[in-house]
Amino acid sequence: MHENSSAVYQLNMALLKKRFRDVWDKVQALPKEKTRWVKLIQANGKPNIQVTDSDGNVTLIHNRQNPGQEGHNFLSTVDSESNGVVILMGMGLGYIALSLLKKCKHLQHIIIFELNVDFFALAMEQFDFRELLEDPRLLLSVGEDCDPEAALTPAKRALILENIFVYRHQQSYLVNPAYQTISPAIDEFISAHNMEGGTKMRYGNLFIENRLRHLTSMHHNRRLEDLTDKFKGLPCFMVAAGPSLDKNVAQLKKAVGRSVIISVDTALPVLLAHGIVPDFLTSIDYKENTYEKISHVASLPEVKEINLICTSWATHVVTKNFPAKNIYWGLGKTALENWMNSMWGSKIFINAAGTVAHLNFIAANLMGCDPLIFIGQDLAFSGSKDHASQVILSNYRDMKGNLASGKNIIWVDGINDNKLPTSSSLYNHKLAFESMIADSERKVINATEGGALIKGSSNMTLSDTVDLFCSRKIASLDLKPVNDRFEFISPMQSTFKRVQRLLSLIQKVETLLSSAQNLLSLLKKEKKRPQSFDMLPQKMKETMLAIDKFNHKADQDTLWPLFDEMTFDGLKQDERAKQELTKLEGDPRSYLEWMEKSLHRLIKVNTIRKSNLIWFKKKLKKLLDHHKKEKQLCQKIKKSEFKTEDLSRLADIYYTSGDFVLLEKTIDKYAECNTLSGKLEFYKGIIFLNRLAYEGAEQCFQKAIKKNADLKDTITRKLREIGDYYYREAVAVQEGVFDDRTARHILLKGLKACSDHEKIPKVLKNMAMDDIYTLRKVIASSPGELSANEDTLKDWCRDIFHERLIVECITQKNAVELILFYGKILIDREEYGDAVDYYLKGLALFDTPGLHIAATDALFAMDEFDRGLDHLKKAVALDKQFAKYWKNIGNNLSANGDYGGAIAAYEQYFNAVPEEIETLRKISECYLASGNPEASKKVGAMYRERAAGNLGEADDSFA
């Protein structure tokens, strides 16, 4: 039993026993005699801990000259006014903990992990920790058997809302490897919650907006739980879009019809390009530009056989535009999702899916599939790439920069016994997969060709996996399109009434709070300073009691958590205000200040609550109106003798709500009964446009105008609106993490929708000019570094070759220069054949002398002289200045003794530039050198004749 009679130790231990009994027990359990391996020493009058290992090596836990100084740099990063959370991984004798307590009065939490119980006991002996141990913000975990999640959970709300500062005491890590063991679990918990907080802080409103927008169409869809054990025992390939997917995706075709294939949305274009149509597609991202990943394949007929799996916060742009066979919704445990689930009568909640690939795993596991097989799940930058080919919305630019600088890069074990670079976010995704695998009863196989090692999964090639598990054909997955609907009207009406009642209650509290403020102002004016509730005037007491009564009643309502995601900043401020009130509570001298701040806090809370309720009431009313109108029309249409006008009105409802998949089905039903009106042709054109089927859209718009000329202005405005939308999205992409190729892709969509858009062509031209300016500088200063821009140039060439509108925007001159830049990279690598291919693709678009000359040089390097000379002739025919190439060829051939070839080259030059009479002299010299004096004399005479005419005197020295 550990004993120490010092007063400071006894005082510390008394408080420790009261607040942290488990830690007190561990300290008490230490042996009476201190181990010889750990002892206390003095350094410049300050205590330090000396640790001696089994080999006799000595380590000091704190700075040798000035114990505690080792934490000064970290302390400087934490502002004295910070409201964040500080986590100390190792405290030693507690120097930094005591400094934090003194410097930072507003921290939400100080969390200490000290894995060495004997260190902690020594700290208790040396310093007075009573202020720290009494502080309610302190969370303390001591000993190697600590549970990181249990220790951090009390601070969960602050970890979500506030900044986090982590101090890793290096000497503690050095003497105790257990810190390395628990660090990943702590880092994962911190990252998950702070990422959640940061995301919700920025996009909380968007999460809620997406969920509510889904409610205009979600009742036509199905719950993910409807797929529970639907495919029990069938192998499932979970396709992600990692860079390795390019290597083995073709092999997956053998598994079609013999397994369940679930793909992330990002990988869909890759699969379709290889003739593979997945059974399910998952989508999770909340931003509207997520649809860019799949919009260019949405018009393909085969996608209508794909079932879509989504989370509730996924963007409505995907769910309302992508023509999936069915949509299955997985709802989590947030309050708003609970409310949505209650309308559905759902009983299953999915665990939070951090990425779309996690949703793949969650869905496959719930379906009962076995084994679960990863493909393309690199979780690392395999081959210095971030995604497979054909992926839209790549952040390759940031990845490339991080790889070059080493910034934000973590090295992890790879499948092939190698080390691979990855990011902290991908590393956390890996840890999440490993946790999911540990909780699953399914066999998990990693058939990714390369990538990070995923613990709990077995590594196997995709070819072997297909051979082993896909020998049997599956007749059908039996997932017919859903035509019936869930009924949401009644539960929505019930919630609407609750909102009205709660709003009335909040307005009562608002009135009472105003009265209380006036009474408080009167107290201060009269210079009265009551020190307790009993000392307040009677009117003030009655008002405060009424506020407490109604506020308590409002607090009990379960509607408030619905708004958590959209009030994160308010929640943060409220948590800080409550902490300030806690400091004043119980001090009679501060009672008036406490009451004033309490009222101020309640007014803020009440204002936010009122605003949220008014907003939600409007949303609910709009949703109810939509559902009631839709239900009424659908009931009419179900009857055998319905009017086509009812279908037209239903189409209006779906167009207004942006439900384009439902709109398409309604138009198709109308077309079975009648010729489409101009309005419906317009609607159909918009559907085509949203799926990038531009020709189909234009045909529909022309039909619409022909049937109703008034629609011309409507169509023009709509196309302008779409162009403006894509322009804004492209600007946002350029300012974010995605590369310029993504921005060009989005701008091109806007231009195809609105060809006369004023801003888009300018942006595209500026992008081209910026890149050209950069490349010219590179060639002028460091031509060998041109290859560092290969990806940029390759992307430009791809767009130039396939998109006429791009060329019209950036100009032919700039397009040719970009092609020539990329060709130079290939030439520098001596990849002459590839260079010629690029030049010929360019020449198919632009018959320019520069491309012909470039092709000439490349073909000469390949010894394909006839083809090269053919391009040289074409170049000279287009621009006489390039005739100098014939002159140079002639000079080279003459110097090498090939006089016949030299003569032919000089003749080509002279024919192109007859004023260059010196060429005749060179021809004459070549004839003479080749043993043909007669021809030499004849050409010499021509030279003298022309020279006399030009110069007045012939030079016959060669004759």
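**Notebook: cysteines, sheet and cores**

I began with Cys754, which at 4% relative accessibility counts as buried. I note at the outset that this is a predicted model. I then looked for a sulfur partner, and found that the closest cysteine sulfur to that of Cys754 belongs to Cys809, 12 Å away, which is too far for a bond. I turned next to Cys369, which is also buried, at 0% relative accessibility. Its closest cysteine sulfur is in Cys236, at 4.3 Å, and since a disulfide needs the two sulfur atoms within 2.5 Å, this pair too is too far apart for a bond. My search over the whole structure accordingly ended with 0 disulfides.

**The sheet**

I traced an open sheet of 9 strands, with parallel pairing, in the order 8-13-12-11-10-9-14-17-18. Strand 8 (222-223) and strand 18 (458-459) are the edges, and because each has a single partner strand, one side of each has no neighbour in the sheet.

Starting from the strand 8 edge, I counted 2 bridges to strand 13, the two strands running parallel, and I noted Arg222 opposite Tyr328 of strand 13. Strand 13 is joined in turn to strand 12 by 4 bridges, again in parallel, and there Tyr328 is the bridge partner of Ile309. Another 4 bridges link strand 12 (residues 307-311) with strand 11 (residues 280-283), also parallel, where Phe280 faces Asn307 across the pair.

I then asked myself which residues cover the two faces of strand 13 (residues 327-330). In a regular strand, side chains alternate between the two faces of the sheet. I recorded Ile327 and Trp329 on one side, with Tyr328 and Gly330 on the other, and all of them are buried. Following the chain between the two strands, I found that strand 12, helix 13 (residues 316-321) and strand 13 make up a right-handed β-α-β unit.

**Two buried residues beside the sheet entries**

I looked up Leu281, which is in strand 11 and is buried, with a relative accessible area of 0%. Beyond four places in sequence, Leu281 touches Ser263, Val264, Asp265, Leu268, Ile294, Ile306, Asn307, Leu308, Ile309 and Phe322. As a long-range check I took Leu281 against Lys777, and the two are 496 residues apart in sequence and 45 Å apart in space, C-alpha to C-alpha.

His214, in helix 10 (residues 178-214), also counts as buried, at 0% relative accessibility. With neighbours up to four places away set aside, its contacts are Ser312, Ala314, Thr315, His316, Thr319, Lys320 and Trp329.

**Cores and one helix**

I asked which members of the largest nonpolar core touch the most other members. Of its 77 residues, these are Leu663, Leu764, Ile800, Ile810 and Leu818. I followed Leu764 further and, leaving out neighbours within four places in sequence, found it in contact with Arg744, Leu747, Leu751, Trp796, Ile806, Cys809 and Ile810. Apart from this core there is another, of 61 residues, including Ile284, Trp313, Phe374 and Val412.

Last, I checked helix 37 (residues 899-912), whose 14 residues reach 20 Å from first C-alpha to last, close to the 20 Å expected at 1.5 Å a residue. Within helix 37 I listed Ala902, Ile903, Ala905, Tyr906, Tyr909, Phe910 and Ala912 as buried.

Key. Residues are numbered from 1 along each chain as its sequence is written. This is a predicted model: local features need pLDDT of at least 70, side-chain atom pairs count only at pLDDT 80 or more; totals for chains, interfaces and linings use all residues. Side-chain values use heavy atoms; hydrogens and water are left out. A nonpolar core is a set of buried Ala, Val, Leu, Ile, Met, Phe, Trp, Tyr and Cys residues joined through side-chain atoms within 4.5 Å. Buried means under 20% relative accessible area, exposed over 50%, partly exposed in between (1.4 Å probe, protein chains only). Contact means heavy atoms within 4.5 Å. Two strands pair if DSSP finds at least two bridges between them. A crossover is right-handed if, with the strands pointing away from the viewer, the path from the first strand over the helix to the second runs clockwise. The expected span of a helix is 1.5 Å times one less than its number of residues.
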